[in-house]
Amino acid sequence: MGNLLVNTRDQQFVLFEQLGIDKLFEYEKYADLSKDMVQMMLNEAEKLAVNLLLLAYAEGDKDGCTFKDGNVTIPASFHEAFKKYVEAGWLCSTESPDVGGQGLPIIVTTACLEFMFAANFAFLTYPGLTHGSAHLIEQYGTEEQKKKYMYNMYGGKWTGTMCLTEPGAGSDVGALKTSAKRLPDGTFSLTGTKIFISCGDHDLAENIVHAVLARIEGDPPGTAGISIFIVPKYKVKDNGSLGDFNDVRTGNIEHKMGIKGSATCTLNFGDEGHCIGELLGKERQGMRIMFLMMNASRLEVGMQSLGHATAAYEHAVQYAKERIQGAPIWDMKNPDAKAVPIIQHPDIKRKLLWMKAHVEGIRALIYFTGFCMDMAKIATAEQEREKWHGLVELLTPVCKAYSSEKAQMICSYAIDVYGGYGYCSEYPVEQYFRDCKIASIYEGTNGIQALDLVGRKLGQRKGADVMNLFGEMNASILKLKRLDDLKRHVAYLEEAYYALIDLTMHFAQLGKSAGFLMPVLNATPYLEILGDVIIGHFLMQAAGMADEKLNAIYKERGAEESKAKKRALIHEDPDVAFYYGKTSAARYYAVDVLSTVKARCEAIKFGERVPIEMPEESFTC
Ligand SMILES: Cc1cc2nc3c(=O)[nH]c(=O)nc-3n(C[C@H](O)[C@H](O)[C@H](O)COP(=O)(O)OP(=O)(O)OC[C@H]3O[C@@H](n4cnc5c(N)ncnc54)[C@H](O)[C@@H]3O)c2cc1C
């Protein structure tokens, strides 16, 4: 089926040609899967996304959520969507069948969910957070807790949340004030206020199970003293039925710029002193446990960004092909010249190519990370599993922050392509732009992601993970250098790659000395450069494969020696058009983005300290 959300041909390319996910089917765990089955699941996901979730997208934005008499109501259209989503098994598709899941590889679910993320992200926050919090209970809960909460959550009967943020504890989670008082029966009485809690209250399910960070009375300050608690909205009796209200009151909902169908709530725990929580895992292990959910959510923010970006791009291309405006540049002095579709104007074409390159690069990055997650689970040797796991850890802040920054630009360009219409709510791109913005803020702002990358991830396992990443890129570059058609463009990738290694080494040296403030100051530009080079690597790798395919087709069709015949094939054969698009995107990206990397690295190495040294007074005088 056709859709204006995801380029299914590119999806196929990344899955089966670039990443070769069929490799997974050789492992016992996935031996029952085949390419045909994956294709069937992709088709089902696309149908659900287009026929149901997409229809609720604009409506969810218009209706939003309401807060009345202490209760939250979410868009009516989300109810049917949730039911169907759960029935189709997407809520816990990667979990084992033992707990009600489908046992799918993460990469397969990632590709299927791209349709859903593109169709209606605000809706996905409900099943997404439910899955994440149920997974915490699966990993760290007691058998009793799993029985009591997890199955109902994985089954979509109850939903879940993650509660970290407080008025005085945003980026600095360790400053939280919510406290937990030990009770004689081993449970805890919780008191405190959490703000900005996504899906914190709604009318979608009969119970909501909150994963709440709090400090047990007497425990040390900072993150080391934080524990995590399971706090249901309604208490659960021993026989599994719902008991009394658990004193979790909704104070308000936020009136937001985007994702209006996702209820963002202030939650007051224990106003009346009756809020009971159960410890999840061990005391003072709250941050370590919550990181499981936070890392998964960061990757989901990457997916959200890809979803908005791909939908915005696909809409923009379609619009540019239909909107007739202005004479072509080569005929502009002719008063009788016929107006053409705007896709024929060089500035629009350039923008669309920039968008295409970034969307496809981000897709490759996110799918690759999903593939690494699968390999980290199934690789036979311990050392190999560690390698894949390390790559996931390293790439997580890049997936989250790089993708969300670029997605905003892609959505903004989509509005530009639509002109004035793009700014109006009759067309979907302004909603993509608004819905997309939050991705750079929650789950740890992009500034915090960059600090995590530079301060922790680059040096983790003594730098082995970043070296593994560089090793992967180097292997591709060596292969690509053999291709005559892309030589000049691969040279830009190689130059950018060496500049990035040099800057990484420079940061490592500074990290050992008093100069550590420079990597801190430049963490965000570093993350962008790393993302640019990774994306450049994926695009060029894809271009190399596409180039080989093109040459084989030209040979088969007797077009090797004729430019005109090659050009004609683009119109006749969709595969030729597709592969030509892949090489074009990589070539343009190399010249437009990779060519700037060396200079940006040099600028950072220059060591300008002015943002640190300039006194606060000078900002406003
Ligand atoms: C729609 C929405 C949904 C949300 N959903 C949830 C949820 O489900 N659960 C939940 O717990 N929270 C949620 N949040 C909260 C979100 O995670 C926080 O807003 C975010 O972590 C930033 O915290 P803050 O808003 O207090 O900003 P601050 O922490 O005040 O940060 C403000 C700015 O200062 C920067 N900054 C702060 N500290 C540093 C530092 N040490 N170094 C450099 N820069 C720094 C930040 O990067 C940011 O740019 C949600 C927020 C929104 C808006």
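# Reading the contacts and surfaces

User: What separates Asp347 and Arg350 in helix 9?

Analyst: About one helical turn, because Asp347 and Arg350 are three residues apart in helix 9. Keep in mind that this is a predicted model.

User: And what makes Asp347 and Arg350 a salt bridge?

Analyst: The closest N and O atoms of Asp347 and Arg350 are 2.8 Å apart. The cut-off is a Lys or Arg side-chain nitrogen within 4 Å of a carboxyl oxygen of Asp or Glu, so the pair qualifies as a salt bridge. As a bit of background, side chains of opposite charge can pair when their charged atoms come close.

User: Why is Asp347 called partly exposed rather than buried or exposed?

Analyst: Asp347 has 40% relative accessibility. Buried means under 20% and exposed means over 50%, so Asp347 falls in between and counts as partly exposed. Arg350, at 35%, is partly exposed too.

User: How do you know whether Glu87 and Lys83 get the label buried, partly exposed or exposed?

Analyst: Set each value against the cut-offs. Glu87 comes in at 54%, and exposed means over 50%, so Glu87 is exposed. Lys83 sits at 47% and counts as partly exposed. The two form a salt bridge, with closest N and O atoms 3.8 Å apart, and both lie in helix 4, four residues apart.

User: What does the salt bridge between Lys157 and Glu206 tie together?

Analyst: It links parts that are 49 residues apart in sequence, since Lys157 lies in the loop between helix 7 and strand 3, and Glu206 in the loop between strand 5 and strand 6. The N to O distance there is 3.9 Å, which is within the 4 Å limit, so the pair still counts.

User: How many salt bridges turn up in the whole structure?

Analyst: A search finds 40. Some are linked up: Asp10, Glu114, Lys356, Glu360, Arg363 and Lys582 form a network of salt bridges.

User: Why is Thr310 called buried?

Analyst: Thr310 has 0% relative accessibility, and buried means under 20%, so the label fits. Thr310 lies in helix 8, and its side chain reaches the backbone oxygen of Leu5 at 2.6 Å.

User: And what makes His345 buried?

Analyst: His345 has a relative accessible area of 18%, which is under 20%, so it counts as buried. You'll find His345 in the loop between helix 8 and helix 9. The side chain of His345 reaches the backbone oxygen of Gln325 at 2.7 Å.

User: How do you know that the ligand makes a polar contact with Thr165?

Analyst: A ligand nitrogen is 2.7 Å from an N or O atom in the Thr165 side chain. A polar contact needs N or O atoms within 3.5 Å, so this one passes. Similarly, a polar side-chain atom of Thr445 is 2.6 Å from a ligand oxygen, and a backbone atom of Met162 is 2.9 Å from a ligand nitrogen. The ligand exposes 970 Å² when taken alone, and the protein buries 61% of that.

User: Which element gives the most residues to the shell around the ligand?

Analyst: That's strand 5, with three residues. By type, the shell has 10 nonpolar, six polar and two charged residues.

Definitions and conventions:
Residues numbered from 1 in each chain as written. Predicted model: local features only at pLDDT ≥ 70, side-chain atom pairs only at ≥ 80, totals over all residues. Heavy atoms only, no water. Polar contact = N/O pair within 3.5 Å; in protein donor to acceptor, adjacent residues only side chain to side chain. Areas by Shrake-Rupley, 256 points an atom, 1.4 Å probe, with all protein chains shown as cover. Helix = DSSP H or I, 4+ residues; strand = E, 2+ residues; numbered from the N terminus. Nonpolar A, V, L, I, M, F, W, Y, C, P; charged D, E, K, R; others polar. Buried < 20%, exposed > 50% of the residue type's maximum accessible area, 1.4 Å probe, protein only.
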